[in-house]
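The following explanation leads the reader through the interior of a protein model and then outward to residues in its helices and loops. Please keep the sequence and the coordinates in view while reading.

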Amino acid sequence: MENVHSPVRCVSGRTFRSAVLFVLGAVLTFNVSSQTPWVDEMLKENANFNQIKQSFDQEWNGKEYVKGKGWKQYQRWKAFWETRLLPDGSFPDFKNSFHEYQQYMSANGQAKSLQNAGNWSPMGPFTYNNTDSWSPGIGRVNFIVEDPNNANIIYVGAPAGGIWKSTDAGSTWTPLGDELAVMGVSSIAISAANSNVIYLATGDADGGDTYSIGVLKSTDGGLTWAEVGNVAGNLRDIVVDPADEDIAYVASN
């Protein structure tokens with residue numbers, strides 16, 4: 001799919017809404033049969049929270065908890081969505097919300113970076129103990145990339161913590177894009193021809209902790225961001241054409 005300002009080639013035609021459901025529903029389908037009615041309801045194009053909940057309640061009525069049957073994953077999914085729904089139980093389109101937010105900020109003269117919005121200090125944890133658990137207590141990181149033209153500049157993308165930048169080889173970090181409507185980052189691509197050009201594949205393709213609003217692009221080293229192309233889906237990875245900073249390739253489910 002191409003945009004007159006910045007071509008973006010994508011291997012997915014999935015609509016945004018079904019992508020949102022896919023990201024959060026994918027965890028459920030690993031151990032739950034696709035014949036499970038409430039999973040089938042969840043993955044429908046016009047899925048409705050109330051119908052999904054009714055189907056789940058009917059299946060589990062009178063049953064005791066059994067590990068590996070999707071009960072815990074459903075409860076996480078339910079807790080995430082029940083405060084984010086439209087009045088009729090349908091799921092919102094967060095890309096539209098992002099566009100409305102941009103229009104509001106522009107109309108009110110507030111479209112500016114929030115880099116200096118407050119004086120914050122990290123409180124930890126700063127250390128952790130390795131255990132047999134997959135999670136020793138520190139948050140996940142989805143992607144790390146080094147500036148191809150400056151080894152001291154590093155970018156990190158977190159599944160629910162946005163994008164961070166270091167200019168001193170990782171000693172200190174600055175958050176980028178705090179004003180964005182989504183804080184998940186699955187992949188980051190930097191142009192070798194111009195390090196100020198950065199692409200983000202938004203969302204959390206690994207665990208589905210956040211939804212995607214497509215591909216964002218910065219031309220000033222991450223200070224400001226704009227949506228490019230019309231890319232939907234569970235975005236996995238993004239790379240920039242080494243010969244052309246305006247061409248990016250996106251892989252998604």
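The paragraphs below take up the nonpolar cores, the aromatic residues, several individual positions and, lastly, the internal cavity.

The model is a predicted one, and local features are considered only where pLDDT is at least 70. The account begins with the nonpolar interior. The largest nonpolar core comprises 31 residues. Within this core, W77, Y155, I163, I188 and W225 are the residues with the most contacts. Helices and strands both contribute to the core: two or more residues come from each of α2 (37–42), α3 (49–60), α4 (71–81) and α5 (94–107), and likewise from each of β3 (150–158), β6 (185–190) and β7. A second core, separate from the largest one, has 12 residues, among them A189, A201, L235 and V240.

The aromatic residues form the next topic. A pair of aromatic rings is described by the distance of the centres and the angle of the planes. The count of such pairs in this model is 11. One of them joins F56 and W60, whose rings are stacked, with 5.9 Å from centre to centre and 25° between the planes. Both residues belong to helix α3, where they are four residues apart, or about one turn of the helix. Why do F56 and W60 count as buried? Buried means under 20% relative accessible area. F56 has a relative accessibility of 3% and therefore counts as buried; W60, at 12%, counts as buried as well.

F56 also takes part in a pair with Y74, which is likewise stacked: the ring centres lie 3.7 Å apart and the planes meet at 10°. Because F56 lies in helix α3 and Y74 in helix α4, this pair ties together parts that are 18 residues apart in sequence. Y74 is buried, as is F56.

These residues belong to a wider arrangement. F56, W60 and Y74 are members of one aromatic cluster, which also includes W38, F49, W77, F80, W81, F91 and Y211. W77 thus appears both in this cluster and among the residues with the most contacts inside the largest nonpolar core. Another cluster member, F80, has a charged neighbour: R84 lies over the face of the F80 ring, at 4.0 Å from the ring centre.

Several individual positions show how parts separated in sequence are placed in space. T36 is located in the loop between α1 (16–29) and α2. Its relative accessibility is 10%, so T36 counts as buried. The C-alpha atoms of T36 and S55 are 9.2 Å apart, although the two residues are separated by 19 positions in sequence.

Helix α3 supplies two further examples. E59 is placed in this helix and, at 23% relative accessibility, counts as partly exposed. Between E59 and P37, the separation is 22 residues in sequence and 8.0 Å in space, C-alpha to C-alpha. N50 is also found in helix α3. With a relative accessibility of 41%, N50 counts as partly exposed. N50 and L85 are 35 residues apart in sequence, while their C-alpha atoms are 10.0 Å apart in space.

A backbone feature draws attention to A169. This residue lies in the loop between β4 and β5 (174–176). The phi angle of A169 is near 60°, a positive value in a residue other than glycine. A169 is partly exposed, at 44% relative accessibility.

The last topic is the enclosed space inside the model. How many cavities of 30 Å³ or more does a search of the whole structure find? The search finds one, and the volume of this largest cavity is about 60 Å³. The residues lining the largest cavity are G162, I163, L176, G177, L180, V182, M183, G184, V185, L200, T202 and L216. Strands β4 (162–166) and β7 (198–202) each provide at least two residues of this lining. Classified by type, the lining contains eight nonpolar and four polar residues, and no charged ones. I163 links this closing topic to the opening one: I163 lines the largest cavity and is also among the residues with the most contacts inside the largest nonpolar core.

Conventions:
Residues numbered from 1 in each chain as written. Predicted model: local features only at pLDDT ≥ 70, side-chain atom pairs only at ≥ 80, totals over all residues. Heavy atoms only, no water. 1 Å grid on protein atoms, 1.4 Å probe; cavity = no way out; pocket = protein on both sides within 12 Å on 5 of 7 lines; lining within 4 Å. Points joined across faces, edges and corners; volume = space filled by probe spheres on them. Nonpolar A, V, L, I, M, F, W, Y, C, P; charged D, E, K, R; others polar. Core = buried A, V, L, I, M, F, W, Y, C linked by side-chain atoms within 4.5 Å. Buried < 20%, exposed > 50% of the residue type's maximum accessible area, 1.4 Å probe, protein only. Phe/Tyr/Trp six-rings, centres within 6.5 Å; stacked < 30°, edge-to-face > 60°. Lys NZ or Arg CZ within 6 Å of the ring centre and 35° of its normal.
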